[in-house]
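Reader: I am in my first year and would like a close look at a single part of this structure, with the surroundings brought in step by step. Could you take one pair of neighbouring strands and build the picture outward from there?

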Amino acid sequence: MEISDALRRVSTGLPAAPGPAGPLAPGRRAPAIAVTGIEPGGVRLDDLAGRGAALLLFVSEECPTSALAVRNLGPLCRAWESAGLSATAVFEDPLDVALRVARTLGWTGRVVSQDPPYQTSREYGLLAVPTAFLVGGDRIIAASVVGWNQPALADLVAKGAALVGSGPLPAPPATEPLLKPGCSSKAAMDPEVAAAVSRPAAADEMEEMFERGWTDGLPVVPPTRQRVEAMLGGADASSSLGPVPPSMGEATLERVAACAVLAGCRPAYFPVVLAAARAILDPAFNLHGQAVTTQPAGQLVVVNGPVRQALGLNSGMGALGPGSRPNLTIGRAIRLLVTLLGGGMPGTLDRATLGHMGKVGFCVAEDEETSPWEPLHVERGFDPDQSVVTLIGSDAPQNISDHRSRTPEDLAYILAWAAATAWSTNWWPLAEPSVFVICPEHAEMFRAAGWSKQQLREFMFDAVRKPAADLRRGETTPVVARADPADMIGKWASPESIVLLVAGGEAGRYSAVLGPCTGMGAQIISREVEPL
Amino acid sequence: MTADDTVRDYISPFDERVRPAEPLAVRPDSVASARIALLDITKNRGTEFLDRVESQLQAAGADTFRIAKEIFSKPAAPAVIDEIAARSDLAVEALAD
């Protein structure tokens with residue numbers, strides 16, 4: 001009896017069946033691989049080894065030794081990759097299972113999967129998992145290690161470093177256990193036994209979304225093809241809105257629709273999401289700067305026009321808070337576009353020191369019916385019956401309570417001075433917009449007094465001034481630094497830096513101001529909501 | 001259900017194209033006689049920092065020149081990148097505040 005037969009009997013308890021004869025030895029030519037990965041177009045061995053050398057780690061989900069190998073080697077893959085040694089975990093499991101296990105165990109290399117009858121494992125002669133192969137750029141096997149064998153794996157990595165001509169590469173940690181036998185490869189099992197030990201796919205679809213990284217940290221709606229097609233509503237899935245900064249992922253409508261599904265949007269919201277996406281991708285919005293800055297800036301979506309009623313957007317009670325699906329999910333879809341497709345995920349390319357909750361999603365509808373003034377989109381040149389989104393880089397809202405003012409002057413003074421600390425106590429003047437959300441009771445006082453929007457804006461602009469001498473503690477602006485001590489400095493560079501909206505519940509004298517995103521040269525951008 | 005069926009069932013929000021990592025440029029042993037671009041990204045106090053770096057590089061024999069981005073929060077204009085590539089062997093970018 002050959003050794004392979006003996007091993008097969010031990011590992012499966014079944015009589016010998018035609019199967020692998022033992023791992024291919026160094027010096028043999030590495031067979032092609034027949035595997036599935038998340039990359040479109042498949043995975044070829046030449047691509048893996050082409051930049052220097054490839055490490056193939058055959059594993060399976062059910063095997064504790066495989067888990068040990070994936071956990072210990074996983075964090076090292078990126079360093080190997082940057083030196084030209086690619087690292088690929090070849091699972092004998094469905095791809096969704098492989099991705100989940102790899103993410104859970106911290107594998108940072110490529111993940112691929114084999115279907116029964118595990119042809120690639122067979123051609124590499126696998127009897128056990130884990131088994132590691134080092135394949136040179138010439139497709140010749142340079143080394144192999146069966147089971148968990150830390151010294152042998154360290155030696156294999158050293159050989160890999162020599163193949164790619166790099167200095168020493170990080171080796172697996174010399175922590176116990178140094179040696180651990182593996183488990184039977186499914187390629188070496190009776191097919192019925194292999195099928196029996198394979199787990200059913202996608203045991204928990206919601207958890208899988210986290211494992212794929214398709215989330216902002218909250219549960220998402222899985223973007224099935226059916227849901228994405230419903231979101232697209234017949235629009236051309238492959239047409240593109242352009243690259244999304246900062247990582248410049250291509251915003252095909254299909255991917256934008258996937259973000260909208262993940263966010264929880266209904267298909268009816270998609271035209272609003274698309275209009276907002278077009279707005280943030282206008283170079284004048286400087287999404288690149290907003291997405292990567294250490295500032296807390298988020299992307300505020302303001303919705304005006306008939307689409308508010310058509311979709312049921314909330315502009316009333318709790319207008320800046322929870323409770324309304326279209327507000328929350330439209331804002332979230334835009335942020336998922338930035339974080340997933342644009343790569344602006346906090347902690348990676350998004351370097352925000354603190355961020356704020358509006359970066360989960362931030363969408364407000366203006367209460368045009370209660371407002372005494374022309375709505376924002378009309379100010380910006382649109383007709384009242386057009387539906388428009390306006391995107392503004394903005395900080396978190398700060399509440400402004402005023403239940404005692406009895407004149408519009410007093411109220412305007414209170415509102416304006418609440419913004420004196422926007423951005424920073426002594427950062428005057430601000431060129432970028434401060435957005436005031438005026439509540440209906442406050443708005444009513446200005447209506448009763450006959451104040452126009454521009455009149456209020458100019459009053460607020462004139463009201464907030466201080467001598468330069470009072471603004472010279474800590475960080476301040478070049479304007480303040482250059483001014484004479486007695487010069488009066490305004491909080492804003494012009495009245496146009498004050499944006500006024502009306503929204504909120506009918507009772508309660510609470511307005512809010514949202515500070516700016518500064519230093520970006522970021523403009524306010526409006527786009528009409530168009531049919532698909 | 002096969003793995004393939006499972007994968008096809010979802011539409012990825014990611015741009016899944018794999019971009020090969022750019023290899024790092026070869027590091028010189030010395031800056032003597034090297035042409036070095038000093039890129040001011042217009043961040044606050046970046047100029048002071050570059051002044052110090054420039055004096056040390058010049059003391060080491062480097063041939064330096066200054067160039068600036070329009071604004072720190074946007075990627076450098078292609079013309080700026082082209083000029084750095086055309087005129088220098090090395091580049092130093094200053095981030096400051």
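Author: In this predicted model, strand S5 of chain A, which covers residues 131-136, pairs with S6(A) in the antiparallel sense, and five bridges join the two. One of the places where you can follow this pairing by eye is Leu134(A), whose bridge partner in S6(A) is Ala143(A). As a general point, strands of a sheet pair through backbone hydrogen bonds, either parallel or antiparallel.

The two strands belong to an open sheet of five strands in chain A, with the order S3-S2-S1-S5-S6 and mixed pairing. At its edges stand strand S3 (110-113) and strand S6 (141-146) of chain A, each of which pairs on one side only. From one strand to the next, the twist averages 20°.

On the way from S5(A) to the other edge you meet S1(A), and these two strands pair in the antiparallel sense over six bridges. Within that pairing, Leu57(A) stands opposite Ala132(A) in S5(A). With S2(A), by contrast, S1(A) pairs in the parallel sense, over seven bridges, and here Phe58(A) stands opposite Val90(A).

Is S1(A) mostly covered or mostly open? Seven of its seven residues are buried, so that the strand is mostly covered. The covering concerns both faces, for Ala53(A), Leu55(A), Leu57(A) and Val59(A) are buried on one side, while Ala54(A), Leu56(A) and Phe58(A) are buried on the other.

Two of the helices that lie against these strands are worth finding in the picture. Helix H3 of chain A, residues 64-73, lies across strand S1 (53-59) and strand S2 (85-91) of chain A, and runs at about 145° to S1(A). Helix H7 of chain A, residues 150-164, lies across S1, S2, S5 and S6 of chain A, and runs at about 160° to S6(A).

To place this sheet in the chain as a whole, note that chain A is divided into domain 1 (3-197) and domain 2 (207-528). The C-alpha centres of these two domains lie 49 Å apart. In soluble globular proteins, nonpolar side chains tend to be buried together. The largest nonpolar core here has 106 residues, and those with the most contacts inside it are Ala260(A), Val273(A), Ala276(A) and Leu337(A). A second, separate core has 61 residues, and this one brings us back to the sheet, since it includes Ala53(A), Leu55(A), Ala132(A) and Leu134(A).

In the largest core, Ala276(A) makes a good point to stop at. If its neighbours within four places in sequence are left aside, Ala276(A) is in contact with Val301(A), Ile330(A), Ile334(A), Val389(A) and Leu391(A). Ala276(A) is one of the buried residues of H12(A), and others include Phe270(A), Leu274(A), Arg278(A) and Ile280(A). Why can helix H12 of chain A, residues 270-280, be called largely enclosed by the rest of the structure? The reason is that 11 of its 11 residues are buried.

For contrast, you may look at Arg447(A), which is found in helix H18 (residues 440-449) of chain A. Arg447(A) has 16 other C-beta atoms within 10 Å, and because a residue counts as buried only from 20 such atoms and as exposed at 12 or fewer, Arg447(A) is partly exposed.

Chain A also touches chain B, in a contact that takes 35 residues from chain A and 20 residues from chain B. On the side of chain A, H11(A) gives the most, with five residues. The residues on that side divide into 17 nonpolar, 11 polar and seven charged.

Chain B has a sheet of its own that can be set beside the one we began with. This open sheet of three strands has the order S2-S1-S3 (chain B), and its pairing is parallel. Strand S2 (63-68) and strand S3 (90-94) of chain B stand at the edges with a single partner strand each, so one side of each is left without a neighbour in the sheet. The twist in this sheet averages 25° from one strand to the next. Strand S1 of chain B, residues 35-40, is joined to S3(B) by five bridges, the two running parallel, and Asp40(B) stands opposite Ala94(B). Lastly, helix H2 of chain B, residues 46-59, lies across S1, S2 and S3 of chain B, running at about 170° to S1(B).

Terms used: Residues numbered from 1 in each chain as written. Chains lettered and ligands numbered in written order. Predicted model: local features only at pLDDT ≥ 70, side-chain atom pairs only at ≥ 80, totals over all residues. Domains from an automatic or database assignment. Core = buried A, V, L, I, M, F, W, Y, C linked by C-beta atoms within 7 Å. Contact = placed C-beta atoms within 7 Å. Pairing = 2+ DSSP bridges. Helix = DSSP H or I, 4+ residues; strand = E, 2+ residues; numbered from the N terminus. Axes fitted to C-alpha atoms, helices over the stretch in contact; angles between N-to-C directions. Nonpolar A, V, L, I, M, F, W, Y, C, P; charged D, E, K, R; others polar.
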